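Biologist: Please take a close look at a single charged part of this structure, and then connect what you find there to the rest of the chain. I would like the terms spelled out as you go.

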Amino acid sequence: MEGKGAAQVSDPDGIVMDSAGDYVIADTANHRVQKCPAASPGANCTTVAGTGVGGSGGTQLRIPYGIVIDSAGDYVIADQSNHRVQKCPAAFPGANCVTVAGTGVEGNGATQLSYPYGIVIDSAGDYVIVDTENHRVQKYTAAAPGANCTTATGTGVAGTVATHP
């Protein structure tokens, strides 16, 4: 059932499994990321990022979508409506997150994102981000948060929509 309780999620849109085998879920409509014990289905989850209220502060998220866990075990979250990617410390749930990509302001510049949706970490540890409304995929160097990115694919102009029979 949709809701805000510790065992509930609302419009979940991203999920990964951590090293302990627990589920880490982008609880999109609740503006939070939940860690839920895989060994105890239906048990309460723990909020590990976000406050449950949408916002742009260091502890807040607004419509989190994609999520990945980096080599240190920290959560890297596509914070869609804040036009940024946040790195949140797994060791300190609820602590301030750090913006590692995007500026928090929608745009199409070399450091900006427009509704980031998905994220992966490549073999070099860099962030590869689906920059949805800019119709491109951006690569950000993890060692230089806030630096200019490289466009991995896309031109910034929407491509043709294929039709299906």
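Modeller: D18 is a buried residue, with a relative accessible area of 12%, where buried stands for under 20% relative accessible area, exposed for over 50%, and partly exposed for what lies in between, using a 1.4 Å probe and protein chains only. The model is a predicted one, in which local features need pLDDT of at least 70, side-chain atom pairs count only at pLDDT 80 or more, and totals for chains, interfaces and linings use all residues. Residues are numbered from 1 along each chain as its sequence is written, and side-chain values use heavy atoms, with hydrogens and water left out.

The partner of D18 is K35, and the two form a salt bridge in which the closest N and O atoms are 3.1 Å apart; a salt bridge here is a side-chain nitrogen of Lys or Arg within 4 Å of a carboxyl oxygen of Asp or Glu. D18 sits in the loop between β1 (12–17) and β2 (23–27), whereas K35 belongs to strand β3 (residues 32–36), so the pair ties together parts that are 17 residues apart in sequence. Unlike the buried D18, K35 is partly exposed, with a relative accessible area of 27%.

This pair belongs to a wider set, as the structure holds six salt bridges. One of the others joins R84 to D79, with 2.7 Å between the closest N and O atoms, and there both R84 and D79 are buried. In another, the side chains of D131 and R136 meet at 2.6 Å, N to O, and these two residues are also both buried. Over the whole chain there are 8 positive and 14 negative side chains, and the centres of the two sets lie 5 Å apart. In that count Lys and Arg are positive and Asp and Glu negative, while His and the chain ends are left out; the place of each charge is NZ of Lys, CZ of Arg, CG of Asp or CD of Glu.

The R84 pair leads on to the backbone beside it. H83 is found in the loop between β6 (75–79) and β7 (84–88), and although H83 is not a glycine, its phi is positive, at about 55°. H83 counts as buried, because its relative accessibility is 7%. Y115, in the loop between β8 (98–102) and β9 (116–121), likewise has a positive phi, of about 60°, without being a glycine. With 29% relative accessibility, however, Y115 counts as partly exposed.

H83 and Y115 are both among the contacts of E106, which, leaving aside neighbours within four places in sequence, also include Q112, L113 and S114; contact means heavy atoms within 4.5 Å. E106 itself lies in the loop between β8 and β9 and is partly exposed, with a relative accessible area of 41%. From E106 to E133, 27 residues apart along the chain, the C-alpha atoms are separated by 9.5 Å. E133 is found in the loop between β10 and β11 (136–140), is partly exposed at 45% relative accessible area, and touches S114 and Y115 once neighbours within four places in sequence are set aside. V128 lies in strand β10 (residues 127–131), and its contacts beyond four places in sequence include G118, I119, V120 and V137.

These pieces belong to a chain with zero helices and twelve strands, both being DSSP runs numbered from the N terminus, with at least four residues of H or I for a helix and at least two of E for a strand. Buried residues make up 39% of the 165 residues. Among contacts with a separation of 6 or more, 32% join residues 24 or more positions apart. The chain exposes about 8,200 Å², of which carbon and sulfur atoms supply 54%; the areas come from the Shrake-Rupley method with a 1.4 Å probe, and for residues only the protein chains shown count as cover. The radius of gyration is 16 Å, which agrees with the value near 15 Å for a compact globule of 165 residues, as judged over C-alpha atoms by a rule of 2.2 Å times the number of residues to the power 0.38. Taken along the principal axes, the C-alpha atoms fill a box of roughly 45 × 45 × 30 Å.
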